[in-house]
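I opened my notebook to look up a few things in this structure. I started with the ligand and then moved on to the chain itself.

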Amino acid sequence: MFNLVIFGPPGSGKGTQSENIINKYGLVHLSTGDLLRAEKNSGSELGNKIKELIDNGNLVPDSMVEEMVKKNVAKNKDAAGFIFDGFPRTTTQAAWLDNMLAEHGQSVTLMLALDVDDNELRTRILERGKVSGRADDQNVSIIDNRISVYHQQTQPVMDFYSAQGKFVSVDGIGSLDEVFSRISTAMDQSMLQCCSN
Ligand code: AMP
């Protein structure tokens with residue numbers, strides 16, 4: 001099993017590149033942003049709480065997100081592996097993920113970070129907002145809050161995986177094909193190390 005954490009700030013291309021990864025490696029995509037937006041759009045009581053947080057660019061409480069991840073991992077028992085996209089976003093979530101995977105006799109294989117500077121992120125997110133319809137993609141102060149939440153709460157997750165020798169960063173600037181080629185090289189190398197015997 002190959003479990004990939006695709007990592008990076010909002011707008012770094014995690015979702016787009018996840019599609020390429022699924023096509024090439026056949027992993028199950030688990031995006032906490034997509035799962036939370038589905039709950040938000042359901043209009044449930046929980047969905048309304050989530051809406052307030054997402055629309056302001058703040059993180060949803062760890063326990064709420066962890067519950068969703070747990071359910072979706074359990075639903076995909078036969079998966080060849082997962083792409084965790086947008087998760088873990090705090091070191092608490094990262095430690096929880098290690099424990100949850102260990103219960104299934106699994107672990108994170110690789111954490112792959114897409115490196116994109118803040119100015120490029122702002123431009124990309126505003127551009128995406130024209131088509132995504134997402135409130136959090138259309139307002140500059142909310143976008144800036146998301147980027148700052150990333151630096152303060154999420155970036156430390158890199159050190160968590162770095163300490164485990166699982167962290168690789170690739171340049172996230174370039175054409176989709178160029179970035180995917182860098183991702184593939186990193187994944188192929190990691191697969192050789194982890195899964196060749
Ligand atoms: P994303 O689509 O990954 O950019 O996520 C959109 C929003 O969903 C974020 O700005 C957060 O409000 C929320 N969210 C997504 N994943 C998580 C997570 N792992 N922990 C907490 N909040 C999350």
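Which atom of the ligand does a backbone N or O atom of Val60 lie 3.1 Å from? I found that the partner is a nitrogen atom of the ligand. I noted that this is a predicted model, where local features need pLDDT of at least 70, side-chain atom pairs count only at pLDDT 80 or more, and totals for chains, interfaces and linings use all residues. Residues are numbered from 1 along each chain as its sequence is written, and side-chain values use heavy atoms, with hydrogens and water left out.

**Entry 1: polar contacts.** I looked for N or O atom pairs within 3.5 Å, the cut-off for a polar contact. A polar side-chain atom of Thr32 lies 2.8 Å from a nitrogen atom of the ligand. For Arg89, a polar side-chain atom is 3.0 Å from a ligand nitrogen atom. I also checked the cover: the protein hides 95% of the 490 Å² of accessible area that the ligand has on its own (Shrake-Rupley method, 1.4 Å probe).

**Entry 2: the shell.** I counted a residue if one of its heavy atoms lies within 4 Å of the ligand. By class, the shell has six nonpolar, five polar and four charged residues; Asp, Glu, Lys and Arg count as charged, Ala, Val, Leu, Ile, Met, Phe, Trp, Tyr, Cys and Pro as nonpolar, and the others, Gly among them, as polar.

**Entry 3: a salt bridge.** Asp55 and Lys51 meet through their side chains in a salt bridge, at 2.7 Å from N to O (the rule: a side-chain nitrogen of Lys or Arg within 4 Å of a carboxyl oxygen of Asp or Glu). I counted twelve salt bridges by this rule.

**Entry 4: a cis bond.** The peptide bond from Phe87 to Pro88 is cis, with omega near 0 degrees. Most peptide bonds are trans.

Notes
Polar contact = N/O pair within 3.5 Å; in protein donor to acceptor, adjacent residues only side chain to side chain.
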